[in-house]
Amino acid sequence: MKKVYLFAAMAMTAATLKAQSNVNLDTYIGAQMATEDLNGTARYVGMGGAMDALGAEISTMSTNPAGIGLFRSNQVSASFGLVSQEGGKAFQDGSKTNASFDQIGVVFSTRTGQQSFVNFGFNFHKHRNFNHVLSVVGEAINGSSQNRQTTIKGIRGDLDTRWGESQVDNLYMESGMISDKDGNVYTIDASDYQFNRAQTGYVGEYDFNLSGNVNDRFYWGLTVGIKNMRYYSYTEYSENLLSSTEGLNYVGMRDDHKVTGTGFDVKAGIIFRPIEDSPFRIGASVATPTWYRLTTDNRTGIYDVYDIVREVSSTADFRFNTPWKFGVNAGHTIGNNIALGIGYEYADYTTLDMRAVTSYGYDIDGYSYSNSSSDGVMKRLTQETLKGVSTVKVGVEYKPDPNVSLRAGYNYVSPMYKESGVRDQTLSSPGTYMASTTDYTNWHDTNRFTVGLGFVFNKFKLDFAYQYSMRNGDFYPYMNGTSAEFITYGAGQSVKLVNECKAARVKDNRHQVLCSLTYSF
């Protein structure tokens, strides 16, 4: 009978979800979408991305646009390769190894003086590759569970907000919230949980560049970028229950999550040779936030050992702004056979801004527009969870022969997440109360090691690169350490519920093989 109460409660509360339309991202999902990979041409990747001040490399269009100002001839290039996740296992649409079309671009160079040029460029590259599979099997500490999490939130009154309950809370509507005829509260404890996620998609960046070279001493560049977001995630989460009720000993959730849309940013940079008779050069760059207009779609269902019990769905538009980014870099060549590059970038991810759409309208010319406002509650969580990120790039290229190049690089990204970071789902925010999952991962720093090889055939260049990227993280299936006290109706005793979960160590190690073909004309 109690099982019937559970499912009836889920059905009634789930029916209200479709009326909720004020959905946006939370801190953890937004952080995934704001980061970027080391990607581009094989030459750029092979040198760890440390080519911003060396220039004359099409991939610098999105990092230091002034690098395009060093071109003295026209060039077109295309890149493709394979990305393989180490230690992962295929799940649903997610697989360990995926082919990837990573870059295509062109630069047109026009001489305006004896040593001066004005250049135009276009480049597409895969800014972010979301392909990732994650599988975790964990022990439930003291019977903790996602069900108990909803119980605690209900006792504390966290569900009584103007946003209503989340998809997870509605669908789980855990058994601890169901009373028998005497009004006693029962909690179903879990012994362990299983988690699987298949993530696919990408952020594609389309850059349009205008740059110049003044007397081969000062280089400048401006790039306008348009980004195309395609994020897909399928998650299965289940709990094995200890104190089963009416045969209910297994509860799970399936979630389909899609985020699509576009954004744009503006990047500017300069490069300068301070000593006239030296090839040493220094550079600086700045990038505005990417201003995204996105749509999120979710379909979430709860199921038992037999089949899906109930499904709900929601969709909404929202806005999302990434941080400003600042960079400094330096480059030097020794003779005609050695090139050295180094770079540093900084972005403050505490400034991530998730914005809810407040209204729609049309201007006097009939064009549609929308107004949005920042989610202040989520912004505070972002400031408590994320931090500024530093990226260091170092690279070297050696030519034992004018037609052969050997390259190596190192790229380091400091941690974005604080160790104490929590995906707090007790907040009165649309980003939490319309969440369809409860898990989160505090990723540590990222280390990328690269090598490359290049060949020149008349006007053609064929380049290869290999990148090994590694990072560890602490995975939590739900918010850790929540608790609540209540008085039982029958016995009148004070009972304290605590929901704890220990972090599971997870890895995101990847191998990438990249090939680029370039033609100069």
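Q: Which residues have the most contacts inside the largest nonpolar core?
A: Met33, Met229 and Phe320 do, in a core of 40 residues. This is a predicted model: local features need pLDDT of at least 70, side-chain atom pairs count only at pLDDT 80 or more, and totals for chains, interfaces and linings use all residues. Residues are numbered from 1 along each chain as its sequence is written, and side-chain values use heavy atoms, with hydrogens and water left out.

Q: What makes a set of residues a nonpolar core?
A: The members are buried Ala, Val, Leu, Ile, Met, Phe, Trp, Tyr and Cys residues, joined through side-chain atoms within 4.5 Å. Buried means under 20% relative accessible area, exposed over 50%, and partly exposed in between (1.4 Å probe, protein chains only).

Q: Which helix gives the most to the largest core?
A: Helix α2 (residues 27–34) does, with five residues. Helices (H or I, at least four residues) and strands (E, at least two) are DSSP runs, numbered from the N terminus. Another core lies apart from the largest one. It has six residues, among them Leu38, Met47, Met51 and Ala339.

Q: Why is α2 called mostly covered?
A: Eight of its eight residues are buried. They are Thr27, Tyr28, Ile29, Gly30, Ala31, Gln32, Met33 and Ala34.

Q: Which residues does Phe320 touch?
A: Its contacts include Leu25, Gly30, Met33 and Ala34, as well as Trp291, Tyr292 and Leu352. Residues up to four places away in sequence are not counted. Contact means heavy atoms within 4.5 Å.

Q: How many aromatic pairs are there?
A: The count comes to 18. Rings of Phe, Tyr and Trp (its six-membered ring) pair if their centres lie within 6.5 Å; planes under 30 degrees apart count as stacked, over 60 as edge-to-face and the rest as tilted.

Q: Why is the pair of Tyr28 and Tyr440 called tilted?
A: The planes stand at 50°, and the centres are 5.2 Å apart. That angle is neither under 30 nor over 60 degrees, so the pair falls in the rest. Tyr28 is in helix α2 and Tyr440 in strand β17 (residues 440–443), 412 residues apart.

Q: How do you know whether Tyr28 and Tyr440 are buried or exposed?
A: Tyr28 has 5% relative accessibility, so it counts as buried. Tyr440 is buried too, at 2%.

Q: Why is the pair of Tyr292 and Phe320 called stacked?
A: The centres are 6.0 Å apart and the planes stand at 15°, so the pair is stacked. Tyr292 lies in strand β9 (residues 291–303) and Phe320 in strand β10 (residues 308–321), so the pair ties together parts 28 residues apart in sequence. Both residues are buried.

Q: What puts the buried residues of α6 on the same side?
A: They cover an arc of only 105° around the axis. The arc is that of the directions from the helix axis to the C-beta atoms. The buried residues of α6 (residues 376–385) are Met378, Leu381, Thr382 and Thr385.

Q: How do you know that β1 and β24 pair?
A: Two strands pair if DSSP finds at least two bridges between them. Twelve join β1 (residues 75–86) to β24 (residues 509–520), and the strands run antiparallel. Ser79 stands opposite Ser516 in β24. Strand β19 (residues 460–470) also pairs with β24 in the antiparallel sense, over ten bridges.

Q: How many disulfides does the search find?
A: Zero, in the whole structure. A disulfide is a pair of cysteine sulfur atoms within 2.5 Å. Cys501 counts as buried at 6% relative accessibility, and Cys515 at 14%.
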